[in-house]
Amino acid sequence: MEEKTTEKKQVIYSAIQPSGNITLGNYIGALRNFSIFDEAETRLYCVADLHSLTVRQNSAELRKRSLSLAALYMACGLDPENNIIYCQSTVSAHAELAWILNCFTYMGELSRMTQFKDKSAKHADNINAGLFTYPVLMASDILLYQTTTVPVGIDQKQHVEICRDIAQRFNSLYGDVFTVPEPYIRTVSAKIQSLSEPTKKMSKSDPEESFVSVFDKPDVIRRKIRRAVTDSETEIRYAPETKPGVSNLLTIISALENKPMDDVVASLSGLGYGALKEAAAEAVIREFTPIQARFDEIMADKETLSRLLKQGAEHAEALARKTLRKVYKKVGLVQL
Ligand code: AQP
């Protein structure tokens, strides 16, 4: 699974919600893996703005963040001429297929989703139906394009599994309509934890000090990592259960420097937590500085960015319609 893939006819689909500033977790768990698939036949990278409505958003901010997430995809190395980069809401087939698949998904299986349980607890005053059916919209995103491979962080594995179940259920009733996708999860860096509560995952909608954003400048990165919660010992050792904070910083270094964990631990042997934090901060700064420079260039030309997103949406729409037409026909909807 860790190898660069050269297989043909692969269709890659991945998406990130513009629900906050993209974090180091989103970057390590998903974004930086996107370019591994440069040789796959079709690659779609979506800004999941419809998904982000499951939590209350400020409208102007959401629009701004959606555009900047698309620009960030490009800044991280995705060439918009060879990858389909678009916003989910600009391709109406996503919402259309979601309705159909809602009718092929059981309440029981949706209520087992851990993200639904976590987000319901976090947003107890707004447990809306969209939050509950989120995995169905995600399944629609993936299945519309006959996706073979979905690069995600481990937290999204359960959603890819329910997507596979829905596809198999539909196929068993109507024949081979959907490709059943596989998740692509890099085990080394599958989950980055919160800096302030290292037993929880880092999330972009959590308080500022709990995450490093891709857009943070070096002084902010250093400050946030310096304040990261560790433990009362002094030894640098990888032990996620007993030393979650230290292990999280080691994971960040290992992932960003592409070094085995043992080598990272050996390189810090005999040093204190101050040195560990400095090494983690420097690894993050080295990674994000060139991305930020490319991002600023892309954002400076909004007209080109809009044109590229429109082109992406048209391309995605054409592919999505093929699947949707087939689905409508299979379930018995009138085709004029
Ligand atoms: N902490 C993480 N470590 C590794 N991967 C992560 N991902 C998210 N957090 C981590 C991966 O990033 C991709 C985009 O996720 P998303 O925006 O669609 O939803 P999410 O998983 O709910 O991400 P957040 O940051 O936690 O967003 P909010 O706060 O809005 O809920 C996915 O591939 C995910 O696995």
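Student: Which helix gives the most to the lining of the second largest cavity?
Tutor: That's α7, with 3 residues. Helices here are DSSP runs (H or I, at least four residues), numbered from the N terminus. A cavity is a set of points on a 1 Å grid over the protein atoms alone where a 1.4 Å probe fits but cannot get out, and lining residues have an atom within 4 Å of a point.

Tutor: Keep in mind that this is a predicted model, where local features need pLDDT of at least 70, side-chain atom pairs count only at pLDDT 80 or more, and totals for chains, interfaces and linings use all residues. Residues are numbered from 1 along each chain as its sequence is written, and side-chain values use heavy atoms, with hydrogens and water left out.

Student: OK, so which residues line that second cavity?
Tutor: Met113, Gln115, Phe116, Leu131, Tyr134, Pro135 and His159. Both α6 (114-122) and α7 (129-143) supply at least two of the lining residues.

Student: What about the loop between α6 and α7, which residue is found there?
Tutor: Asparagine 126 is in that loop. Asparagine 126 counts as buried because its relative accessibility is 12%, the cut-off being under 20% relative accessible area with a 1.4 Å probe, protein chains only.

Student: And what does asparagine 126 touch?
Tutor: Thr54, Val55, Arg56 and Leu131, leaving aside residues up to four places away in sequence. Contact means heavy atoms within 4.5 Å. Leu131 also lines the second largest cavity.

Student: Switching topic, what lines the largest cavity?
Tutor: Pro18, Gly20, Asn21, Ile22, Arg65, Ser68, Leu69 and Phe215.

Terms used
1 Å grid on protein atoms, 1.4 Å probe; cavity = no way out; pocket = protein on both sides within 12 Å on 5 of 7 lines; lining within 4 Å. Buried < 20%, exposed > 50% of the residue type's maximum accessible area, 1.4 Å probe, protein only.
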